[in-house]
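Please open the model in your viewer and keep the selection tool handy. We will go from stop to stop, choosing a few residues each time and looking at what surrounds them.

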Amino acid sequence: MEQQDLNKRLLLALALSFLVFVGYSYLFTPQQPITQNESNVSSKEAPQSVAKTAPAPKSVTTSQHAVKKAPGTTSKSLVTITSNTFKMSIDELGRIAQFELLEEKYRNAEGHNLQILGANVAKPLEIRFSDAALNDEAFKTPYSTTVNGNLDAKSAPVTVTLTQKLSKVTVTKILKVEPTGAYHVEVKLSNHVPYFITPGHRPMADHSMYMLVRGALVKTPDGVITTIEDGDAKGDEVFKNAILASAFDRYVATMFYDFKKGMNVTILKVGEGDPLIFVEGTPDLTLGGYIGPKEYKILKSINPDLTDAIEFGWFTFLSKPFFKVLLWLNDMIGNWGWAIILFTLLVKLVLFPLSYKGMMSMQKLKDLAPKMKELKEKYKDDPAKLNMKMMEMYKKHGANPMGGCLPMLLQIPVFFALYRVLLNADELQGAVWIPGWIDNLAAADPYYILPVLMGVSMWFQQKITPNNFTDPLQEKIFQFFPVLMALMFIIMPFPSGLVLYWVVNNIFTIGQQYVINKAYQKHKAAVATAHKKGKDS
């Protein structure tokens, strides 16, 4: 395959793969999580097969009732804890029934605060016993507390003691809640009975149609992080001595952690394969917990290891360092929009040496196209001879047949990694770039200026970039690609932070192309002068 065809096909593949990558979730709307009303499930109704889908750690014998569903909602709230940023409700089953974000940036168009926990799913701090009868009794017996009503956690932590007296055991939960959303929970049992406790079903706070990663994340002492996405849970996943277990949505999470002793974590398969985290209980269990936004600085202030709960899917290995650089730039500049622009410039500067070589090679190949066509006609019946002559021509003119591919290949992981960062970073919510225009980098441009600029800049970039299309269909597809991209970004509400990156990247690429085009003209002039001198001598 000759180099021009390879470059063209690579460009088309990149363009079409992007359309598929970002457009798939809009064409095929993801199913909403299947939730079940659990309030009327009796022990007799719990199927034998349920136990097989959620085995406990091997050290504990678990019956089917260890995974029996609990009520999703209850009629009574015992305690409400309010800080500057959240309101937490504790229900009569000793669980975090609801967690409401109070900051303005999380409010919807009607001005309502965001409630992150689903109505009919397992809630944080929910306990499930292995004993069937005890499990049924526990779901019918309310907790009591010495503190009722509203508690103020705006400036200092608050402590709530919850007690449940059952026929075989008395359960005591001591919950200390910090103003950040971090908490410390102690579970004490009057005698040993096998049980499990959960940080709850993942928050259900985001219903956008982006291709997002949602589900469960578990980190083990060896540093290995395992992510089980919604729909992928098998129900037989067991993690010994895990130090972090997080159930997460796009921007928020609910998690348990124990960085000293570790936790025995088991995954229950619920709904259509969604993971539900359970931690094996002990008579005296102590866990750290957090519920709220996955903001880097908040998690780091609680424990730096909690920042591992921020993940970006397949490209996490590249997205995480990008995210940290963006955080650093924003700390310096104080504006996420300008941080994105400066980051884009840094990426272009780092990749410039390779881009320079690749684009110079493409310029040379463009000039060699007529000679290559002659060779193809001359040696069309002798592929081996044709290949040899082409290699000789490349060598003579200093053209690298693969030089134009590498910069394009490098752009693919860079773009998709940054795509994940700008799509998943909670810090962009409510982040203002230019007041009155882009007041929220996590939302779409309200005036469609950025999508239009993106399409125009892509079109202009094509005009000044050398190409040698021989297939009219390929050329038309490539020519219409800027229009398709602009229309897609107008129709689909992509975050303005992502579109800003694309526009700025195009503008810098245009400037880079001008520099390289000028450099190549000088190179050609120097070669022509040298050739003329050689003839004259």
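Select helix 6 (residues 336-378) and helix 7 (residues 383-397) in this predicted model. How do the two lie against each other? Their axes are 11 Å apart and make an angle of about 150 degrees; angles over 145 degrees count as roughly antiparallel, so helix 6 and helix 7 are roughly antiparallel to each other. Turn the view to look at the crossing, which is right-handed.

Now show the side chains where the pair meets. From helix 6, pick Lys 364, Leu 365, Leu 368, Lys 371, Met 372, Leu 375 and Lys 376. Their counterparts in helix 7 are Leu 386, Lys 389, Met 390, Met 393, Tyr 394 and His 397. As you look along the helices, keep in mind that an α-helix has 3.6 residues a turn, so residues three or four places apart point the same way.

Next, go to Leu 318, which sits in helix 5 (residues 316-333). Which residues does Leu 318 touch, once neighbours within four places in sequence are set aside? They are Pro 413, Val 414 and Ala 417. While you are here, draw a distance from Leu 318 to Val 421: the C-alpha atoms are 9.6 Å apart, although 103 residues separate the two in sequence.

Helix 9 is the next stop, at residues 449-464. Its 16 residues reach 23 Å from first C-alpha to last, close to the 22 Å expected at 1.5 Å a residue. Colour its buried residues: Leu 450, Pro 451, Met 454, Gly 455, Ser 457, Met 458, Gln 462 and Ile 464.

Time for the strands. Trace the open sheet of 9 strands in the order 6-8-9-10-19-16-15-12-13, with antiparallel pairing. At its edges you will find strand 6 (144-145) and strand 13 (225-229), each paired on one side only. Within this order, zoom in on strand 15 (residues 244-248) and strand 16 (residues 252-257), which run antiparallel and are joined by 5 bridges. One pair to click on is Ala 247 and its bridge partner in strand 16, Thr 254.

Finish at strand 5 (residues 126-129), which pairs with strand 11 (residues 195-198) in the antiparallel sense over 4 bridges. Phe 129 stands opposite Tyr 195 of strand 11. In a regular strand the side chains alternate between the two faces of the sheet. Here, Glu 126 and Arg 128 point one way, Ile 127 and Phe 129 the other, and all are buried.

Conventions: Residues are numbered from 1 along each chain as its sequence is written. This is a predicted model: local features need pLDDT of at least 70, side-chain atom pairs count only at pLDDT 80 or more; totals for chains, interfaces and linings use all residues. Side-chain values use heavy atoms; hydrogens and water are left out. Buried means under 20% relative accessible area, exposed over 50%, partly exposed in between (1.4 Å probe, protein chains only). Helices (H or I, at least four residues) and strands (E, at least two) are DSSP runs, numbered from the N terminus. Two strands pair if DSSP finds at least two bridges between them. The expected span of a helix is 1.5 Å times one less than its number of residues. Contact means heavy atoms within 4.5 Å. Axes are lines fitted to C-alpha atoms, for helices over the stretch in contact, and angles run from 0 to 180 degrees between N-to-C directions. Angles under 35 degrees count as roughly parallel, over 145 as roughly antiparallel, 65 to 115 as roughly perpendicular and the rest as oblique. A crossing is left-handed if the near helix is turned anticlockwise from the far one by less than a right angle, and right-handed if clockwise.
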